[in-house]
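Thanks for making the time this morning. I would like to walk through a few local features of one chain, and please stop me wherever a term is unclear.

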Amino acid sequence: MLHLDGLSKTYATGEAALSDVTLTVPQGQIMGLIGPSGAGKSTLIRCINRLVEPSSGKVILGDVDLARLGKAELRRQRRRIGMIFQEYALVERLTVMENVLSGRLGYVPFWRSLLRKYPARDIQTAYRLLDRVGLMNRADSRADALSGGQRQRVGIARALAQEPELLLVDEPTASLDPKTSRQIMRLITEICAERGLPVIVNIHDVPLAQQFMQRIVGLRAGRIVFDGAPADLTEAA
Ligand code: ADP
Ligand code: ADP
């Protein structure tokens, strides 16, 4: 479970990007974050993994307040959060398998020989994940040989390889065509349910959010203006 309590962020510029956001995402719930550009969606996601330092408030994952951790402990705790990005953020010159394994390693392997020393168990896990996302037969392809949709599948497998307790997904389909977008959203939704993970998706495409999210939180000027079922979403958000 993820619990945000009074989370606020004011940037050095004086911009109050997030104001007193309180919400709980239970296990197995997929929550979509919507709102106009500048509403604070990226800031919210980044405050959770502390790519942005919150100005105040709590970020409680399980029983740890991530907002209070020192650097070393934060590095350890970040491993509990899986990230999926709009532009995939794969290492293009590495293979699909190597990209997925990098999720378990916890950093990008500049030394390929490191990957060759992987325990068989980790390799098996990676193959199982590639099978789950439908890319078993592309394990040895270089990441840059794949289509956008395939790359995002690798991104999903990599995030899962670290066995996260929370998934943060930042505009996963912004670079994909509508059909591929739906396939990717369906996959993320299924995996959230299978693993019982809390998932937050920054999703600017409202129809897509309404089709796939169990819950939608609407942000405007850094505040929650809607929190409810997709069917109840009106013009207000
Ligand atoms: P969204 O993801 O909904 O488009 P953001 O979280 O990116 O919104 O931005 C929220 C507000 O905070 C915007 O007004 C934006 O200009 C501002 N902002 C975002 N990042 C920074 C930053 N690094 N420094 C100063 N202001 C920022
Ligand atoms: P997004 O598409 O995620 O909203 P943007 O294109 O708005 O991202 O912002 C790109 C980068 O610039 C981000 O790292 C964001 O934090 C930063 N940024 C956004 N707005 C501002 C701002 N007003 N001042 C400084 N940095 C900003």
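I will take two helices, then a pocket, and then two loop residues.

First, the ground rules: this is a predicted model, in which local features need pLDDT of at least 70 and side-chain atom pairs count only at pLDDT 80 or more, while totals for chains, interfaces and linings use all residues. Residues are numbered from 1 along each chain as its sequence is written, chains are lettered from A and ligands numbered from 1 in the order in which they are written, and side-chain values use heavy atoms, with hydrogens and water left out.

Let me begin with helix H3, residues 96-105, where helices are DSSP runs of H or I with at least four residues, strands are E runs of at least two, and both are numbered from the N terminus. Nine of the ten residues of H3 are buried, so this helix is largely enclosed by the rest of the structure; buried here means under 20% relative accessible area, exposed means over 50%, and partly exposed is in between, with a 1.4 Å probe and protein chains only. Just after H3 comes Gly106, with a positive phi of about 95°.

Helix H7 covers residues 178-195, and its end C-alpha atoms are 26 Å apart, which agrees with the 26 Å expected for 18 residues at 1.5 Å a residue, the expected span being 1.5 Å times one less than the number of residues. At its start, a side-chain oxygen of Asp177 comes to within 3.1 Å of the backbone nitrogen of Lys179, and following H7 is Gly196, whose phi is also positive, near 65°. Among the buried residues of H7 are Ile184, Leu187 and Ile191.

Turning to the second largest pocket, its lining includes Lys41, Ser42, Thr43, Glu171 and Asn202, and the largest share of that lining, three residues, comes from H1.

Now to the loops: is Gln162, between helix H6 and strand E7, buried or exposed? At 17% relative accessibility, Gln162 counts as buried, and its side chain reaches the backbone oxygen of Arg79 at 3.0 Å.

Glu53, in the loop between helix H1 and strand E4, is by contrast partly exposed, with a relative accessible area of 39%. The side chain of Glu53 makes a polar contact with the side chain of Arg50 at 3.1 Å, a polar contact being a pair of N or O atoms within 3.5 Å, where within protein one must be able to donate a hydrogen and the other to accept it, and residues adjacent in sequence count only if both atoms are side-chain atoms.

Definitions and conventions: 1 Å grid on protein atoms, 1.4 Å probe; cavity = no way out; pocket = protein on both sides within 12 Å on 5 of 7 lines; lining within 4 Å.
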